[in-house]
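Opening the notebook on this one. I want to look at the pocket, the ring contacts and one loop glycine.

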Amino acid sequence: MLNAVLSFACDLDRGIDRTLIRPALLTGDKQAHTFRIAVSRSGEDAALTGASVSAYFVRADGVTVPITGSVEGSAAMVTLPEGCYRVPGRFQLVVKLAMDSGISTIFWGDGAVASSSTDAILDEEDVIPSLDELLAQIAAAEAAAANAGSAASSANSAASSANTAASRADAAAASIEQIGAQATTLAPGSDATAAWSTVDGAKVLTIGVPQGIQGPQGPKGDPGKDGSGSVSTVNGVEPVQGNVTLTASDVGARAADWVPTAAEVGALPEGGTAADAAMLGGKAPAYYLQPRNLLDNSNFRSPVNQRSASSYTTAGDYGIDRWFLRTSSSVTVNSGSITVTGTMVQRLLSAAQSGTYTLAAGNADGNVTILTTHGWDNDAGCYYVELPAGEYVWAALYEGSYTADTLPPYVPKGYAAELAQCKRYYNIIPYDMDDYYVNASTTYPSIYPVSFPEMRIIPTVTLRESWNAGAAGVSVGFITNNSLAFQAAATSSRVAWHGKIELDADL
């Protein structure tokens, strides 16, 4: 098929954003664009076996065109039918995935259909008929119209006759649909019956069928034979005068003089203490009392990565959320882990200057390392931890002193909880604004409010513009730690601004 394949992606664990569809669609096209949405979960390709795909194309005239898509591997495929290209103007495309009795929206896009032609056609050869030819053509057209009217009249007459016949057929079908039947059982020897009745406006035929008469009893059968037999041994013991005496060992029972040991009944051994009884799986109960992990974004199997890069190399800049790089350092986001060269650092407010803490990290092989580079940062006025070069799947900072043997097992906080905590320090908000009814003025700019989850402090704002139309200048008017308003000075009656609002309140 001669069409364009537009590829997008959706991570089911991270939700969707409104996507601006860059390529324009043109009127008159048909099945010219296929949307491919790669579906993943936590960075891994999602299994879509048994899933179905449906899409809804909302045209500029308000008409919704439903579309049935398909699944190819871990991607949802949607090809636009002819109806999507008929009306020029803005459109929206929503793609949903149905699986295991659930329905999830995996794509929300916004684009435009442009006109490929107008109602006026230019005659390049300037062929203009003479008046006589034009009158002759008009006469021929009128004659053809008259013949068409006669044919239409005949067709209308035939259609009327067909409608009459259809009405009669419908009446007959309705009569048949109002007929039912049922059967009842009568006493043996009774005569069969049949009777019509009316139940809820429907005719019902009730048929009575007599039960059969019981037949005579059959002849008596021959008597059975007497059973007889003998037992040679029971568990290797021969009978004595027909009786067999079995011991406890013959039936797997304990001997009469058996006395259980402490180990057999789960009791403490001789000389055992209460401390021995408190050991669970070789570890004391305190091992299972999970202390609080003070680090943010510590599960590197699925780290929060709002900046969306696969690697970071700039010293002093943040990479994955809440972690920044020292000089000559880098971090690479792998599938299920991260790789650090040099040093990666996190500053945190949840540890005290005078406290005792243990920093640990684990790799994919299950090995745990106790790290020693952590403490109070006098310049920043807060605690810091450092991860040296290596590949890691988790890190943790616990209050107290632990060894690799006594360290509690690492328990992830969950991606949603980690993301919410990270957004207190850094947040990226995609923003699409398209205002058609503004006052075209650079003196009195239009104001656009934006709200977001509360941050640690009032953040620094960076507007990362994708494109704008009719905006002489876009800037931040005012800001708090959970809302802001930016203003756009207009040069026309339409102002459009598309981009991202970056909020930074990190340490």
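Before the arginines, I pinned down the term: a charge sits over a ring if NZ of Lys or CZ of Arg is within 6 Å of the ring centre and within 35 degrees of the ring normal. Also to keep in mind, this is a predicted model.

Cation over ring. I found the charged end of Arg322 over the ring of Tyr425, 3.8 Å from its centre. Arg307 does likewise over Tyr426, at 3.7 Å from the ring centre.

Ring pairs. I get 9 aromatic pairs in the structure. One of them, Phe8 with Phe107, is tilted, with 4.8 Å centre to centre and 45° between the planes. That pair ties strand E1 to strand E11, 99 residues apart. Phe107 counts as buried because its relative accessibility is 3%, and the cut-off is under 20%. Phe57 and Phe91 are stacked, at 4.6 Å and 15°; they join E6 to E10 across 34 residues. I checked burial here too: Phe57 comes out at 1% and Phe91 at 2%. Ring pairs also link Phe8, Phe35 and Phe107 into a cluster.

Pocket. The largest one holds about 1400 Å³. It has 41 lining residues, and those closest to its centre are Asp17, Gln306, Ser308, Pro430 and Lys500. Which element gives the most to the lining? E24, with 7 residues. By class I read 19 nonpolar, 11 polar and 11 charged.

Loop glycine. Gly236 lies between strand E14 and helix H2, and is exposed at 66% relative accessible area. Its C-alpha is 9.8 Å from that of Leu246, 10 residues apart along the chain.

How values were computed
Residues are numbered from 1 along each chain as its sequence is written. This is a predicted model: local features need pLDDT of at least 70, side-chain atom pairs count only at pLDDT 80 or more; totals for chains, interfaces and linings use all residues. Side-chain values use heavy atoms; hydrogens and water are left out. Helices (H or I, at least four residues) and strands (E, at least two) are DSSP runs, numbered from the N terminus. Buried means under 20% relative accessible area, exposed over 50%, partly exposed in between (1.4 Å probe, protein chains only). On a 1 Å grid over the protein atoms alone, a cavity is a set of points where a 1.4 Å probe fits but cannot get out, and a pocket is an open set with protein on both sides within 12 Å along at least five of seven lines; lining residues have an atom within 4 Å of a point. Grid points are joined across faces, edges and corners, and a volume is the space filled by probe spheres set on the points. Ala, Val, Leu, Ile, Met, Phe, Trp, Tyr, Cys and Pro count as nonpolar, Asp, Glu, Lys and Arg as charged, and the others, Gly among them, as polar. Rings of Phe, Tyr and Trp (its six-membered ring) pair if their centres lie within 6.5 Å; planes under 30 degrees apart count as stacked, over 60 as edge-to-face and the rest as tilted.
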